[in-house]
Amino acid sequence: MSNDGVRTVLVTGGARGIGRGIARAFLQAGHRVMVADLGERGEWNYDLASESTMQDVVGELGELGEIDYVAVDVTDDESCRRAVAATVERFGRLDVLANNAGVVDSGPIEEFAEADWDRIFDVNVKGIFLMTRAALPELRKSSDAAIVNTASIAGKRGSPRMSAYCGSKFAAIGITQSLAQELAPDGIRVNALCPGIVGTAMWLDHLMVGQGNDAFQDRMSDLIPLGHPQTVEDMGEAAVYLATARNVTGVAHSVAGGLEMS
Ligand code: NAD
């Protein structure tokens, strides 16, 4: 943390969806944000973000505070190191790492492609490892350092056709608990944010593709005890809390409208 209490936050997968909500919330809380996302549109079963998506988010959120963007592929060690270096070059420091980049795929286990399984684990699990390892030398310099890993309620209970995704999110929670203990002596808090159901590309372009936002809202209002899906603003609020609470580490905090209660 700098003397004025302003922290620098690096948000992976920050160009859109939940990452964009996290970026907005940190800016609104007075911090500086580096959005890190794919520089070129990645090959996947639905469109991922790209440099132009990052330009959009910087344009949209720029009036709230200091924000910039950098291309990263969280599955590539050199790329992670460059993203951290670019953040320090731009803002002079790094205090909070939000490991939020993620991909989803679903399907029966016998038909699930090995390459898709590997990609999900590369982004959702190895990405946390590589980004954390790259960021730690800078985080250790901060007096108010924190890591927030976007896991999921899918990291607390399995679902049919979701072995790869659920497995990757269980792993994210295990990594969070391990790092929380390992880094506690250095004062670095590590928590997991577990979103419930948020109407981002993961749902609208994949899990309920072609059904539209109204069908999504209707289905979720039946399913979720509080009667509505979660928003990216809900996730931003929780991420700021998890990165700020001085005495909270190692938790996997559900923001799910009661759909998941542990
Ligand atoms: P999203 O697809 O809008 O956002 C994911 C972002 O990650 C995209 O901007 C994408 O470009 C980026 N990304 C993908 N691969 C990357 C890579 N290799 N390197 C860097 N960036 C990469 O979906 P979202 O819902 O906003 O997802 C954000 C996080 O929230 C993910 O970790 C996801 O698993 C998690 N999550 C989402 C929900 C939900 O209901 N939407 C629920 C629980 C958890």
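Which side chain has an N or O atom 2.9 Å from an oxygen atom of the ligand? The side chain of Lys169 does. That pair is a polar contact, meaning N or O atoms within 3.5 Å. The protein covers 99% of the 820 Å² of accessible area that the ligand has on its own (Shrake-Rupley method, 1.4 Å probe).

This is a predicted model, where local features need pLDDT of at least 70, side-chain atom pairs count only at pLDDT 80 or more, and totals for chains, interfaces and linings use all residues. Residues are numbered from 1 along each chain as its sequence is written, and side-chain values use heavy atoms, without hydrogens and water.

Two contacts involve ligand nitrogen. A polar side-chain atom of Asp73 lies 2.9 Å from a nitrogen atom of the ligand. Val74 uses its backbone: an N or O atom there is 3.1 Å from a ligand nitrogen atom.

Now the shell. It holds 30 residues, each with a heavy atom within 4 Å of the ligand. Ile18, Asp37, Tyr165, Val198 and Thr200 come nearest. The shell divides into 17 nonpolar, 8 polar and 5 charged residues; Gly counts as polar, Tyr and Cys as nonpolar.

Domain 1 (8-195 + 232-252) and domain 2 (199-229) both contribute residues to this shell, so the ligand lies between them. The domain bounds come from an automatic or database assignment.

Methods: A polar contact is a pair of N or O atoms within 3.5 Å; within protein, one must be able to donate a hydrogen and the other to accept it, and residues adjacent in sequence count only if both atoms are side-chain atoms.
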